[in-house]
Amino acid sequence: MPSWHKILNSIMNSATSTKSIAIPLMEDFYTIQGEGFYQGHAAYFIRLGGCDVGCVWCDVKESWDASLHPLVSIEEMTRRAKSSGSPIAVITGGEPAMYDLLPLTSELHAEGLKTNIETSGVYPLTGNWDWICFSPKKFKAPHESIYESANELKVIIFNKSDFEWAEEHASKVNGSCELFLQPEWSKEKEMLPLIIDYVKNNPKWKVSLQIHKYMNIP
Ligand code: SF4
C-alpha cells in the first residue's frame, strides 16, 4: 500500500466530523451507467483518484496518481450527487476501495441514494453497499473477501485466454453473483464475436457492452 494512501487515511481518520472527511476526487458527473447489471440506469458517478493496479489497457490512467486530484469533502460529494436527482451514486476510480468508504456511503444513504461500487477487489472493502461490481484485473490479485460480497462479476476480455481466467473467478464468487463478460474497448471488434459465442455456449454469463461510448456520454 503506497505511503500517500496511509497519509490520506490518517487525515481522514483525524477529521473532526464525518462530513469534513475529504477524499481525492478526479471527477463526478451525472450520466447513464453504461456497463454491467445497471446498464442503462441513470447514475451519478463519483470517480476517486488513486490506483495502484496498473492495467496496461486502463482508459483512466490519469486517475492513478491521487496527489493530482483535489481533496473534496464527502459532504460536498454527497450534496452534488443528491442535487443531480440521481437515485444511485456509483463510486468508481481509480481503485475506490483504497479508502475507508464507510463515511461516504453513510452520507449517501442518509440522503436516500443507493450506493454502488466498481472495484478491482484488491483491497478489503469498507462501507455499506447496495451493489458491488467486482471487476478483477490480471495485474494485481483480488483480496479473498470480495468473492463472498460481490453482486456482480464483470470480466474484461482482452484476449482469448481471458475466458479461462474469467471462469476461475466465477468458480469462487457466491451463488447469486451476476456474471458478465465485456470486451476491452480497443479489442471490441475482435473479441465481441468470441464473447457472443461463449455466452451462447455458457449461458450463465451475459454480455456487457460499454454503451455510454456508443451514446458519446461520459
Ligand atoms: S483498476 Fe481500473 S483504474 Fe486501476 S489501472 Fe485497472 S482499469 Fe485503471
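**A tour of the pocket, the cavity and a surface patch**

Begin by selecting Glu35, Arg47, Asp59, Val60 and Gly93: of the 39 residues that line the largest pocket, these lie nearest its centre. The model on display is a predicted one. With the centre located, show the pocket as a whole, which has a volume of about 760 Å³. Colouring its lining by class gives 15 nonpolar, 14 polar and 10 charged residues.

Next, display the secondary structure around this pocket. Strands β1 (22-32), β2 (42-48), β5 (114-119) and β7 (152-157), together with helix α7, each supply at least two residues of the lining. Select β1 in particular, since this strand gives the most to the pocket lining, with four residues.

Move now to the enclosed space. The structure holds one cavity of 30 Å³ or more. About 60 Å³ of space lies in this largest cavity. To centre the view, select Gln33, Glu118, Trp131, Cys133 and Glu152, which lie nearest the cavity centre among its 13 lining residues. The elements giving two or more residues to this lining are β5, β6 (131-134) and β7. Of these, β5 gives the most, with three residues. The cavity lining comprises six nonpolar, three polar and four charged residues.

Finally, turn to helix α7 (residues 211-214) and select Tyr214, which lies within it. Helix α7 was met earlier as a contributor to the lining of the largest pocket. Tyr214 is partly exposed, with a relative accessible area of 46%. Add Trp185 and Met215 to the selection: with Tyr214 they make a nonpolar surface patch of about 310 Å².

Conventions: Residues are numbered from 1 along each chain as its sequence is written. This is a predicted model: local features need pLDDT of at least 70, side-chain atom pairs count only at pLDDT 80 or more; totals for chains, interfaces and linings use all residues. Side-chain values use heavy atoms; hydrogens and water are left out. Patches are made of residues with over 30% relative accessible area and no salt bridge: like charges are joined within 9 Å, nonpolar side chains (Val, Leu, Ile, Met, Phe, Trp, Tyr) within 5 Å. Accessible areas come from the Shrake-Rupley method with a 1.4 Å probe; for residues, only the protein chains shown count as cover. A salt bridge is a side-chain nitrogen of Lys or Arg within 4 Å of a carboxyl oxygen of Asp or Glu. Buried means under 20% relative accessible area, exposed over 50%, partly exposed in between (1.4 Å probe, protein chains only). On a 1 Å grid over the protein atoms alone, a cavity is a set of points where a 1.4 Å probe fits but cannot get out, and a pocket is an open set with protein on both sides within 12 Å along at least five of seven lines; lining residues have an atom within 4 Å of a point. Grid points are joined across faces, edges and corners, and a volume is the space filled by probe spheres set on the points. Ala, Val, Leu, Ile, Met, Phe, Trp, Tyr, Cys and Pro count as nonpolar, Asp, Glu, Lys and Arg as charged, and the others, Gly among them, as polar.
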